[in-house]
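Trainee: Could you take me through one part of this model slowly, and then show me how that part sits within the rest of the chain?

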Amino acid sequence: MTDNKTRDTLMAAARKAAAGAYAPYSNFHVGAALLLADGTVVTGANVENASYGLSLCAETVAVSGILARGERPALHAVAVTGGAPGAPGEGAQVTPCGRCRQVLNEIAQLGGTDPVIWCDGGGEVLETKLSELLPYAFGPANLG
């Protein structure tokens, strides 16, 4: 799908982003790194809230940063990692949650892409495509 150097660079960016997570309730730090077609890397970390339901996932934070700049770029790849503070990727494998899959699908459809998704955990990196994580996705194309 994409070369190992790109994967490793993006995973490193996601791990670095996880260090900036605000997760005082779960103590589970998540980092995401999004690679755009022009080579730009945008990162995000989870931001928890005392009301829980208002918490933001790392992927959503990264996508929001892209869209807030008024950009609609092609999403090429996504790396996600998570775990205890200071130890992202050392626990169980972390994949984007359902909400994040939908948010990633929105920006992917806007750019006409099916990005590769790398998920860190357990000493391995799962490589898949967004369409495999979210088959039969609903998005902008469904609205005509």
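Mentor: Let us begin with helix 1, bearing in mind that this is a predicted model. Helix 1, made of residues 4-18, lies across strand 1, strand 2, strand 3, strand 4 (116-121) and strand 5, and it runs at about 140° to strand 1. The strands that helix 1 crosses bring us to the sheet itself, which is an open sheet of five strands in the order 2-1-3-4-5, with mixed pairing. Its edge strands are strand 2 and strand 5 (124-129), each of which pairs on one side only. Neighbouring strands of this sheet are turned against each other by 15° on average, if direction is ignored.

Within the sheet, one pairing can be followed residue by residue. Strand 1, which covers residues 29-36, and strand 3, which covers residues 75-83, pair in the antiparallel sense over eight bridges. If you look for Gly31, you will find it standing opposite Thr81 in strand 3.

Now turn to helix 2, residues 58-68, and to the loop that joins strand 2 (41-45) to it. The buried residues of helix 2 are Ala58, Glu59, Thr60, Ala62, Val63 and Ile66, and they pack against strand 1, strand 2, strand 3 and helix 3 (98-111). Helix 2 is followed by Gly70, whose phi is positive, near 80°.

The loop before helix 2 deserves a careful look, and Ser55 is found there, between strand 2 and helix 2. Ser55 counts as buried because its relative accessibility is 18%, and the limit for that word is under 20%. The side chain of Ser55 reaches the backbone nitrogen of Asn49 at 3.0 Å. Leaving aside residues up to four places away in sequence, Ser55 touches Val47, Glu48, Asn49 and Arg99.

Tyr52 has its place in that loop between strand 2 and helix 2 as well, but Tyr52 is exposed, because its relative accessible area is 58% and exposed means over 50%. The backbone of Tyr52 also calls for attention, since its phi is near 60°, a positive value in a residue other than glycine. Most residues other than glycine have a negative phi. A positive phi near 60° is found in Tyr136 too, again a residue other than glycine, and Tyr136 has its place in the segment after helix 4 (130-133). At 85% relative accessibility, Tyr136 counts as exposed.

Finally, let us step back to the chain. There are four helices and five strands in the chain, and from the N terminus on its elements run α-β-β-α-β-α-β-β-α. The radius of gyration of the chain is 14 Å, close to the 15 Å that the globule rule gives for 144 residues, so the chain is as compact as a globular protein of that length. Along its principal axes, the C-alpha trace spans about 40 × 35 × 30 Å. Buried residues make up 42% of the 144 residues, while the chain exposes about 7100 Å², of which carbon and sulfur atoms supply 55%. Among contacts between residues at least 6 apart in sequence, 67% join residues at least 24 apart.

Methods: Residues are numbered from 1 along each chain as its sequence is written. This is a predicted model: local features need pLDDT of at least 70, side-chain atom pairs count only at pLDDT 80 or more; totals for chains, interfaces and linings use all residues. Side-chain values use heavy atoms; hydrogens and water are left out. Helices (H or I, at least four residues) and strands (E, at least two) are DSSP runs, numbered from the N terminus. Buried means under 20% relative accessible area, exposed over 50%, partly exposed in between (1.4 Å probe, protein chains only). A polar contact is a pair of N or O atoms within 3.5 Å; within protein, one must be able to donate a hydrogen and the other to accept it, and residues adjacent in sequence count only if both atoms are side-chain atoms. Contact means heavy atoms within 4.5 Å. Two strands pair if DSSP finds at least two bridges between them. Axes are lines fitted to C-alpha atoms, for helices over the stretch in contact, and angles run from 0 to 180 degrees between N-to-C directions. The radius of gyration is taken over C-alpha atoms; the globule rule is 2.2 Å times the number of residues to the power 0.38. Accessible areas come from the Shrake-Rupley method with a 1.4 Å probe; for residues, only the protein chains shown count as cover.
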